[in-house]
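Work through the exercises below with the sequence and the coordinates open. Each task is followed by a solution in steps.

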Amino acid sequence: MLRSRITGTGSYVPEKVLSNSDLEKMVDTSDEWITERTGIKERRIAKNLQAASDLGIEASKRAMHSAGIKPKDIDLIIAATVTPDMPLPSTASLIQGRLGAKNAAAFDLNATCSGFLYGMAVADSFIKTKGFKKILLIGSEVLSRVTDWEDRTTCVLFGDGAGAVIIEPTGQNRGILSTHIHSDGNLWDLICLPGGGSRHPASKESLKDKLHYIKMKGNETFKVAVRTLESLVIDTLKANKIKPSQLALLIPHQANMRIIQATAKRLNLPMDKVVVNIDKYGNTSSASIPIALDEAVRTDKIRNGDYILLEAFGGGLTWASALIRW
Ligand code: UT7
């Protein structure tokens, strides 16, 4: 049976660190509040000239290096992002050009924080049904550009970064076993960035009303996220006839430590089987899972044959999961 499998991973985060104590000087908040409510201690901030494609290219080079492939080998580039360099062309096209991946098709995918796993579902089916051989899947975000640094309810949450994987076909009984993607657009206003599109194009009013920043109803989102992710992870394992105790690792989207803990608890998983880096990077939206995956690979947390569950939840609303046998 033809499957697809991750053959290389890479990630990149900007050097500049913004700590909770730095934020204490900017808004009415405290390290104690942020740590207790979110698990975040610091996040990375891109340089002024760095956009999503710049971060994505660094992560992609590392992923290609780990898979042992060259840019011309790639036949498709998917960039999951909510902070593209510009509305058009796509960030994937910019990355394709600058990498010299001249044989690759390229497009962006916006499924907010679930974007990387939506991209994995697309890559998996393109490999199985369309004969693609080497897909570069990237999650890259510069959320600091769309963060309202005067709004303490959101500015403590987000960070910048990128992760990437190479996905290739395999005839072996391993790789991506299943992907699951969902959405509920009726709850679109729990997390949104209203300005800059065709509904509220950039104008003096949109600037004055701060429509170009992420708005989030945090507490409502939190409740839906916990409930939704609990059933998502159980359903994903059931679909593969895998018991929670067979899981080697859970790689969750890094939005809130309490959400991560609730999901782990539902699976009865000890926290040493859960990849957590929210303390270092905050919520990097579509980049959070590929960064966490890359760190797990590079710190030898993953062995061949391991069952790994990936899950995400975000604006849209969207939620998604994947079960992988490494
Ligand atoms: O990645 C996409 C998916 N995103 C998520 O899943 C995020 C989900 N939501 C969350 O992670 C949490 O809801 C937050 C971390 C955003 C907020 O935590 P919470 O426990 O839900 O807090 P809350 O919004 O209910 O606010 C509690 C209190 C409020 O004060 P009052 O009204 O009780 O006096 C807030 O004004 O905390 C206050 N507060 C803050 N205090 C200090 C809100 N933000 C801050 C802050 N520092 N940064």
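The exercises cover a domain interface, a helix, salt bridges and two buried residues, all in a predicted model.

**Exercise 1. The two domains**

Task: State where the domains lie in the sequence and describe the interface between domain 1 and domain 2.

Solution.
Step 1. Domain 1 covers residues 3-173, and domain 2 covers 177-325. Their centres, taken over C-alpha atoms, are 14 Å apart.
Step 2. On the side of domain 1, 49 residues make contact with 45 residues of domain 2.
Step 3. The two domains bury about 3,700 Å² between them, and carbon and sulfur atoms account for 61% of this area. Of the area that domain 1 buries against domain 2, 18% comes from Cys113, Leu117 and Tyr118, more than from any other three residues.
Step 4. Two salt bridges run between domain 1 and domain 2. The polar contacts between the domains number 24 residue pairs, both residues at pLDDT 80 or more. Elements of domain 1 that each supply at least two residues to the side touching domain 2 include β1 (3-12), α3 (52-67), α5 and β7 (160-170).

**Exercise 2. Helix α5**

Task: Compare the span of helix α5 with the expected value, then list its buried residues.

Solution.
Step 1. Helix α5 runs over residues 115-130, which is 16 residues. From its first C-alpha to its last it reaches 21 Å, close to the expected 22 Å at 1.5 Å a residue.
Step 2. Buried means under 20% relative accessible area. The buried residues of α5 are Gly115, Phe116, Leu117, Tyr118, Gly119, Met120, Ala121, Ala123, Asp124 and Ile127.
Step 3. Just after α5 comes glycine 131, with a positive phi of about 75°.

**Exercise 3. A salt bridge within α5**

Task: Find how aspartate 124 and lysine 128 are placed in helix α5, and decide whether each is buried, partly exposed or exposed.

Solution.
Step 1. The side chains of aspartate 124 and lysine 128 form a salt bridge, with 3.1 Å from N to O.
Step 2. The two residues are about one helical turn apart because four residues separate them in helix α5.
Step 3. Aspartate 124 has 6% relative accessibility and therefore counts as buried. Lysine 128, at 32%, counts as partly exposed.

**Exercise 4. Salt bridges around α2**

Task: Of the twelve salt bridges in the model, examine aspartate 28 with arginine 152 and lysine 41 with aspartate 31.

Solution.
Step 1. In the pair of aspartate 28 and arginine 152, the closest N and O atoms are 3.7 Å apart. This pair links distant parts of the chain, 124 residues apart: aspartate 28 sits in the loop between α1 (20-24) and α2, and arginine 152 in helix α6 (residues 152-155).
Step 2. Aspartate 28 is exposed, at 62% relative accessibility. Arginine 152 is partly exposed, at 46%.
Step 3. For lysine 41 and aspartate 31, the closest N and O atoms are 3.2 Å apart. Lysine 41 is in the loop between α2 and β3, aspartate 31 is in helix α2, and the two are ten residues apart.
Step 4. Both residues of this pair are partly exposed: lysine 41 has a relative accessible area of 35%, and aspartate 31 has 26%.

**Exercise 5. A salt-bridge network**

Task: Which residues are linked with Asp148 in a network of salt bridges?

Solution.
Step 1. The side chains of aspartate 148 and lysine 210 form a salt bridge at 3.2 Å, N to O.
Step 2. Glu150 joins Asp148 and Lys210 in the network.

**Exercise 6. Two loop residues**

Task: Are isoleucine 40 and serine 285 buried or exposed, and which residues do they touch?

Solution.
Step 1. Isoleucine 40 lies in the loop between α2 and β3. With a relative accessible area of 0%, isoleucine 40 is buried.
Step 2. Beyond four places in sequence, the contacts of isoleucine 40 are Asn20, Ile34, Thr35, Val156, Leu157, Ile278, Asp279, Gly282 and Asn283. Valine 156 is 116 residues away in sequence, yet 8.2 Å away in space, C-alpha to C-alpha.
Step 3. Serine 285 lies in the loop between α10 (278-281) and α11 (288-298). At 5% relative accessibility, serine 285 is also buried.
Step 4. Not counting residues up to four places away in sequence, serine 285 touches Val82, Thr112, Cys113, Glu141, Leu143 and His253.

Conventions
Residues are numbered from 1 along each chain as its sequence is written. This is a predicted model: local features need pLDDT of at least 70, side-chain atom pairs count only at pLDDT 80 or more; totals for chains, interfaces and linings use all residues. Side-chain values use heavy atoms; hydrogens and water are left out. The expected span of a helix is 1.5 Å times one less than its number of residues. Buried means under 20% relative accessible area, exposed over 50%, partly exposed in between (1.4 Å probe, protein chains only). Domain bounds come from an automatic or database domain assignment. Contact means heavy atoms within 4.5 Å. Buried area is the accessible area (1.4 Å probe) that two parts lose on being put together, summed over both. A salt bridge is a side-chain nitrogen of Lys or Arg within 4 Å of a carboxyl oxygen of Asp or Glu. A polar contact is a pair of N or O atoms within 3.5 Å; within protein, one must be able to donate a hydrogen and the other to accept it, and residues adjacent in sequence count only if both atoms are side-chain atoms.
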